[in-house]
Amino acid sequence: HIATAIENEKCRLTYLTLRDNRIGNAGAHHIATAIESGHCKLTYLKLCDDKISDDGARHMAAAIGSGKCSVSHLELRNNQIGDDGARHIATAIGSDKCTLTFLDLRGNRIGNSGALHIATAVGSGKCLLTHLSLGNNPIDVDGAQHIGIAIENEKCSLKEFHLQTDSMSSAVSAVILSVVKHRRSLSNAVIELITSRQQTNSDLKVLLSFALNCRLLEAVKALVHVMCGRISVRLRK
């Protein structure tokens with residue numbers, strides 16, 4: 001019924017939130033059909049905590065990538081979207097027909113594969129996103145490296161990015177955030193991080209893995225130097 005209303009060309013609604021209503025994939029499909037109609041005037045859509053999984057994400061992706069959708073702000077936080085759903089969303093945001101500038105996918109089930117698809121999209125030069133949130137997804141260092149390389153690309157339009165997760169060190173998140181905010185190279189961001197603040201040994205190990213995966217030789221040298229220094233201090237004690 002809501003979808004029918006917002007699809008009506010007489011409806012002037014631009015902001016819609018259906019958070020914590022558990023509309024599921026069927027509800028997402030109805031909403032997607034409405035925003036793809038060409039008559040819907042929504043620019044802000046929030047469908048958080050709504051039991052939406054990959055199938056629902058597929059319908060939403062088809063809508064936002066159709067060229068007929070006016071939504072620029074989309075929140076799909078705390079749903080059940082996995083790598084397949086992320087793949088469809090990535091295809092949509094990587095299209096020059098997509099108008100999204102804000103996308104929140106926190107608290108889903110997106111892993112490294114999904115992160116790779118999204119990274120490819122945001123680094124393509126066609127994606128208009130300026131804000132992307134992927135926190136609290138099962139993305140580890142491998143996924144972070146794909147995203148880090150993508151956002152370092154001068155074609156990337158991101159200005160805000162969030163990736164803090166339970167499975168990722170704050171150090172890696174800080175590196176990615178530094179790259180986004182200041183357009184610094186990944187290597188310089190890693191070096192600056194380890195020299196500007198005291199990191200735990202665990203953080204240094206994660207950063208070293210990240211630097212090795214991204215082939216950041218200068219950062220690897222700096223990390224090895226710091227770690228050897230700590231070993232030397234322990235030996236003297």
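Contact here means heavy atoms within 4.5 Å. Keep that in mind as you click around this predicted model.

**Stop one: Asp203.** Select Asp203 and show its neighbours. Leaving out residues up to four places away in sequence, Asp203 touches Ser169, Ser170 and Ala171. Is Asp203 buried or exposed? Its relative accessible area is 12%, and the cut-off for buried is under 20%, so Asp203 counts as buried.

**Stop two: the rest of helix 9.** Now widen the selection to residues 201-213, which make up helix 9 and include Asp203. Put a distance between the end C-alpha atoms and you should get 18 Å, which agrees with the 18 Å expected for 13 residues at 1.5 Å a residue. Next, colour the buried residues of helix 9: Asp203, Leu204, Val206, Leu207, Leu208, Phe210 and Ala211. For a look at the backbone just after this helix, go to Arg215, which follows helix 9 and has a positive phi, near 60°.

**Stop three: Phe210 and the core.** Stay in helix 9 and pick Phe210, one of its buried residues. What does Phe210 touch, not counting residues up to four places away in sequence? The list runs Val141, Ala144, Gln145, Val172, Val175, Ile176, Leu186, Val190 and Leu216. Phe210 also belongs to the largest nonpolar core, which has 78 residues. Ile35, Leu45, Ile93, Leu134 and Phe210 have the most contacts inside that core, so they're handy to show as spheres. As background, nonpolar side chains in soluble globular proteins tend to be buried together.

**Stop four: helix 3 against helix 4.** Jump to residues 54-64, which are helix 3, and bring up helix 4 as well. Their axes come within 8 Å and cross at roughly 5°, which makes helix 3 roughly parallel to helix 4. To see the contact, show Asp54, Ala57, Arg58, Ala61 and Ile64 from helix 3, with Asp83, Asp84, Gly85, His88, Ile89, Ala92 and Ile93 from helix 4. By type, the contact residues are six nonpolar, two polar and four charged.

**Stop five: helix 4 against helix 5.** Keep helix 4 (residues 83-93) on screen and add helix 5 (residues 112-122); these axes come within 8 Å and cross at roughly 0°. That makes helix 4 roughly parallel to helix 5. On the helix 4 side, select Asp83, Ala86, Arg87, Ala90 and Ile93; on the helix 5 side, select Asn112, Ser113, Gly114, His117, Ile118, Ala121 and Val122. This contact divides into six nonpolar, four polar and two charged residues.

Technical notes:
Residues numbered from 1 in each chain as written. Predicted model: local features only at pLDDT ≥ 70, side-chain atom pairs only at ≥ 80, totals over all residues. Heavy atoms only, no water. Helix = DSSP H or I, 4+ residues; strand = E, 2+ residues; numbered from the N terminus. Buried < 20%, exposed > 50% of the residue type's maximum accessible area, 1.4 Å probe, protein only. Axes fitted to C-alpha atoms, helices over the stretch in contact; angles between N-to-C directions. Parallel < 35°, antiparallel > 145°, perpendicular 65-115°, else oblique. Nonpolar A, V, L, I, M, F, W, Y, C, P; charged D, E, K, R; others polar. Core = buried A, V, L, I, M, F, W, Y, C linked by side-chain atoms within 4.5 Å. Expected span 1.5 Å × (residues − 1).
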